[in-house]
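Trainee: Got a minute to walk through a model with me? I'd like to see how the chain is put together.
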Amino acid sequence: MSASPASHASPTSKSAHGGSGGMRLTLNIWRQSGPNDKGHFDTFQVEDVSPDMSFLEMLDVLNEHLTHEGREPVAFDSDCREGICGSCCMVIDGQAHGPQPETTTCQLHMRTYTDGSTITIEPFRAKSFPVVRDLVIDRSAFDRIMRAGGYISISTGNAPDAHAVPVPKESADLAMDAAACIGCGACVAACPNAAAMLFTAAKISQLALLPQGAPERDRRAVAMVEAMDAEGFGNCTNHYECMGACPKGISVDNIARMNREYVRASLSSRPAGEPV
């Protein structure tokens with residue numbers, strides 16, 4: 001749950017970005033020195049914010065000014081800034097990645113806001129995503145789920161000729177839709193149970209739908225679901241907030257598919273004669 005902005009807000013800051021006619025914004029930003037430290041909100045004022053800036057560019061400008069003042073910049077993650085890597089994970093005004101549907105934080109532009117807006121920015125909140133510093137979280141739980149089985153390990157030799165393995169178009173389309181998941185964790189942040197089922201389901205589905213993933217299908221489903229549970233994520237109770245927050249629009253249909261894959265794998269590995 002989000003904490004309220006601290007009453008001992010920091011002194012205001014003005015943006016170093018030049019120009020006229022820009023927006024003036026108030027930013028309530030979560031500050032936390034380390035995983036075991038108590039966090040709080042600090043308040044900053046930024047001026048002359050261009051509507052053409054991305055959200056991260058606006059934070060870059062703020063950090064430039066803080067650095068020039070000799071103050072600690074706000075720590076946040078970013079890499080590609082093209083909506084691909086999934087590292088720009090922030091909760092903006094209570095919404096993972098902000099108010100624009102199917103948009104990552106790095107692709108959110110300041111024209112979404114109006115002059116005088118107050119924006120609250122905090123990290124994704126989940127026990128399995130501990131805060132490292134400020135807006136930076138540790139999402140290595142997702143990496144461990146992937147290591148449990150989100151790959152094809154069978155050697156297939158050289159790359160086959162195009163279309164050598166026939167794949168029905170419907171299956172190929174569904175697999176591509178699932179593969180669009182960038183592992184940002186917005187599904188976890190949006191879910192009231194902090195469940196990672198949409199992420200795990202997408203990674204299982206993209207391989208279960210293709211013939212290349214068939215040989216390890218059962219082992220993959222069981223191993224990834226068990227790894228997800230071991231990381232302490234919650235369970236799905238069909239709120240569908242995960243799909244609403246997903247910047248790639250991953251469907252909850254994949255969760256149903258994952259459940260079927262898991263039940264199928266569990267039954268197929270049951271010793272003969274053991275009661276269901």
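Mentor: Sure, one term before we start: accessible areas here come from the Shrake-Rupley method with a 1.4 Å probe, and for residues only the protein chains shown count as cover. With that, the chain exposes about 13,900 Å², and carbon and sulfur atoms supply 50% of it.

Trainee: Anything I should know about where the values come from?
Mentor: This is a predicted model, so to speak of conventions: local features need pLDDT of at least 70, side-chain atom pairs count only at pLDDT 80 or more, and totals for chains, interfaces and linings use all residues. Residues are numbered from 1 along each chain as its sequence is written, and side-chain values use heavy atoms, with hydrogens and water left out.

Trainee: OK. How many helices and strands does the chain have?
Mentor: Eight helices and seven strands. Helices (H or I, at least four residues) and strands (E, at least two) are DSSP runs, numbered from the N terminus.

Trainee: And what percentage of the residues count as buried?
Mentor: Of the 276 residues, 46% do. Buried means under 20% relative accessible area, exposed is over 50%, and partly exposed is in between (1.4 Å probe, protein chains only).

Trainee: What about contacts along the chain?
Mentor: Contact means heavy atoms within 4.5 Å. Among contacts between residues at least 6 apart in sequence, 73% join residues at least 24 apart.

Trainee: Let's go inside. How many residues does the largest nonpolar core have?
Mentor: It has 41 residues, and those with the most contacts inside it are F124, F129, F142, I145, V188 and F233. A nonpolar core is a set of buried Ala, Val, Leu, Ile, Met, Phe, Trp, Tyr and Cys residues joined through side-chain atoms within 4.5 Å.

Trainee: Which helix gives the most to this core?
Mentor: α5, with six residues. At least two residues each come from α2 (140–149), α4 (186–190), α5 (197–208), α6 (217–230), α7 (241–245) and α8 (253–268).

Trainee: Any other core?
Mentor: Yes, a second, separate core of 29 residues, which includes W30, F41, L56 and M58. In soluble globular proteins, nonpolar side chains tend to be buried together.

Trainee: Back to α5. Is T200 in there buried or exposed?
Mentor: T200, which sits in helix α5, counts as buried because its relative accessibility is 0%. Leaving aside neighbours within four places in sequence, T200 is in contact with I145, M224, M228 and M258.

Trainee: Now α6. Which of its residues are buried?
Mentor: R220, A221, M224, V225, A227 and M228. They cover an arc of only 160° around the axis, so they are on the same side of α6. That arc is taken from the directions from the helix axis to the C-beta atoms.

Trainee: What covers them?
Mentor: The cover for the buried residues of α6 includes α2, α5 and α8.

Trainee: And how long is that helix end to end?
Mentor: α6 has 14 residues and reaches 20 Å from its first C-alpha to its last, close to the 20 Å expected at 1.5 Å a residue. The expected span is 1.5 Å times one less than the number of residues. Just after α6, G232 takes a positive phi of about 90°.

Trainee: Speaking of phi, any residues that aren't glycine?
Mentor: Most residues other than glycine have a negative phi. H97 has a positive phi of about 70°, and E102 has one near 50°. H97 is in the loop between β4 (95–96) and β5 (118–122), and E102 lies in the loop between β4 and β5.

Trainee: Are those two buried or exposed?
Mentor: H97 counts as buried, because its relative accessibility is 0%. E102 is at 55%, so it counts as exposed.

Trainee: Last topic: how many aromatic pairs does a search find?
Mentor: Six in the whole structure. Rings of Phe, Tyr and Trp (its six-membered ring) pair if their centres lie within 6.5 Å; planes under 30 degrees apart count as stacked, over 60 as edge-to-face and the rest as tilted. W30 and F41 have ring centres 5.1 Å apart and planes at 80°, so that pair is edge-to-face. Both are buried.

Trainee: And F129 with F233?
Mentor: F129 and F233 form an edge-to-face pair too, 5.7 Å centre to centre with 80° between the planes. The pair links distant parts of the chain, 104 residues apart: F129 is in the loop between β5 and β6 (131–133), F233 in the loop between α6 and α7. F129, F142, F199 and F233 form one aromatic cluster.
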